[in-house]
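Biologist: Please take a close look at a single part of this model, and then set that part in the context of the whole chain.

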Amino acid sequence: MSLSTTQTSKMEPLRVAIIGYGLAGSVFHAPLIAATPGMAVTAIVTGNSERQHKACHDFPSATVLSSPGELWQDPSRYDLVVVASPNRTHVPLGIAAMEAGLPVVIDKPMAASVADAEQVLATSKDSGKLLTVFQNRRWDNDFLTVRRLLDTVPDLLGPITRFESRFERYRAAPRPGVWRELPDQEEAGGLLYDLGSHLIDQALQLFGQPVRVYAEMDQRRPGAQVDDDTFIALQFPDGVRAHLWMSAVTRIPGPRIVLKGLHGTYEKWGLDPQEDALRSGMRPGGSGWGLEARENWGRLSTDIGGLHIDGPVETLPGSYERFYRLLRDALLSGGALPVDPAGALATLKIIEAARLSAGSGTVIDL
């Protein structure tokens, strides 16, 4: 049973410590936590002086710490730790939090390898501490709309044949020294780990576990040390094929999502607006949160029940805030986790298979 907003507002808020105050910590986690009734940003950990200043400005009542070790000195002051620091730190900090007796959220990807992810899951089991992974794009407007189309109208598109999904952008040159651009395996840099973690997770949520993986990974930009132009093909047991693109060298992106069936097709262009909204200072609950203009709605063309349908489909509102509301209820009343870490492990298995496929030029059977 989940708690109502009224109930949670009468309780002492869950005290959340955020490790890392870069893009993930400052744009996503902190604002979403602050907007969740029954939760409060209590501590922010960053060793960067500029980010410390920003954290003090954004959350004057929070304690700003220089190192994660300061959290473990008195873990009773916190109810939850969010690991929003570089990928190489996800495993050691996630394990440290649980061994200190604290539930933990780890930003995606949970780890740089399946073996490391399994170690994190084992620590959660041994310690009895809650573990979840921040796969916020399960609450993108386009993905929510596709799920609704598949779940609520039987045979709307007919048997599904193909799913196409893209995150494409243009960045002319790599950013020197940024950890996402570093080639060491522990960094989990490159687009496959970054955007691919979302695209693969969404495909698995829609169609289950694939049976085959094929991938192409390239370093297109001069000086690039990690993949910046990647394609993945997944084949599922029922014959559905998912084609996933992620690129930093695409000036004119293709459609965000295309869902094809034997009777019809749904196509959607443009990215979910929530990240840009968070960057601009908007917060969940504000006017227009998660909504997009009619001209950005997707198009459905299908034949069902003797009728031909062709026209726009209103996009469901995006709702990143659902992650922390579900997590709050899981902590307070035993509700379901917003993201089962086993799903994040499944995504990492696909990533490892994709790397093997790209390196060998072969299709990998799972």
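Modeller: Helices (H or I, at least four residues) and strands (E, at least two) are DSSP runs, numbered from the N terminus. This is a predicted model, in which local features need pLDDT of at least 70 and side-chain atom pairs count only at pLDDT 80 or more, while totals for chains, interfaces and linings use all residues. Residues are numbered from 1 along each chain as its sequence is written, and side-chain values use heavy atoms, with hydrogens and water left out.

The part chosen is helix 8, which covers residues 191–207. The expected span of a helix is 1.5 Å times one less than its number of residues. For the 17 residues of helix 8 this gives 24 Å, and the end C-alpha atoms lie 22 Å apart, which agrees. Helix 8 nevertheless bends by about 45° at Ser197, where the bend is the angle between axes fitted to the seven residues ending at a residue and the seven starting there. Burial is judged by relative accessible area with a 1.4 Å probe and protein chains only: under 20% is buried, over 50% exposed, and in between partly exposed. Of the 17 residues in helix 8, 16 are buried, so this helix is largely enclosed by the rest of the structure.

Both flanks of helix 8 include a residue with positive phi. In the loop between strand 7 and helix 8 lies Ala188, whose phi is positive at about 50° although Ala188 is not a glycine. With a relative accessible area of 3%, Ala188 is buried. After helix 8 comes Gly208, with a positive phi near 85°.

Helix 7 is one of the elements that meet helix 8. The buried residues of helix 7 pack against helix 8, strand 11, strand 12 and strand 14, contact meaning heavy atoms within 4.5 Å. These buried residues are Asn141, Asp142, Phe143, Leu144, Thr145, Val146 and Leu149. Helix 7 spans residues 141–152 and lies across strand 7 (160–168), strand 11 (257–261), strand 12 (264–268) and strand 14, running at about 15° to strand 11. Here axes are lines fitted to C-alpha atoms, for helices over the stretch in contact, and angles run from 0 to 180 degrees between N-to-C directions. The 12 residues of helix 7 should span 16 Å, and the end C-alpha atoms are indeed 16 Å apart. Between helix 7 and strand 7, the loop holds Asp155. Asp155 is not a glycine, yet has a positive phi of about 60°; at a relative accessible area of 45%, Asp155 is partly exposed.

The strands that helix 7 crosses lead to the sheet. This open sheet has 9 strands in the order 14-13-12-11-7-10-9-8-15, with mixed pairing. Strand 14 (307–313) and strand 15 (364–365) stand at the edges, each with a single partner strand, so one side of each is left without a neighbour in the sheet. Two strands pair if DSSP finds at least two bridges between them. Strand 15 and strand 8 (residues 212–218) pair in the antiparallel sense over 2 bridges, and the bridge partner of Arg212 in strand 15 is Asp365.

A region earlier in the chain offers a further point of detail. The loop between strand 5 and helix 6 contains Pro109, and the peptide bond from Lys108 to Pro109 is cis, with omega near -10°. Ser113 belongs to the loop between strand 5 (104–107) and helix 6 and counts as buried at 16% relative accessibility. Leaving aside neighbours within four places in sequence, Ser113 is in contact with Leu348 and Glu352. Ser113 and Leu345 are 232 residues apart in sequence, but 9.0 Å apart in space from C-alpha to C-alpha. Within helix 6 (residues 114–127) lies Thr123, which counts as buried at 12% relative accessibility. Apart from residues up to four places away, Thr123 touches Ile95, Met98 and Glu99.

For the whole, the protein has 11 helices and 15 strands, and 52% of its 366 residues count as buried. Among contacts between residues at least 6 apart in sequence, 71% join residues at least 24 apart. The C-alpha trace spans about 65 × 50 × 40 Å along its principal axes. The radius of gyration is taken over C-alpha atoms, and the globule rule is 2.2 Å times the number of residues to the power 0.38. For 366 residues a compact globule would have a radius of gyration near 21 Å, and the protein has 21 Å, which agrees.
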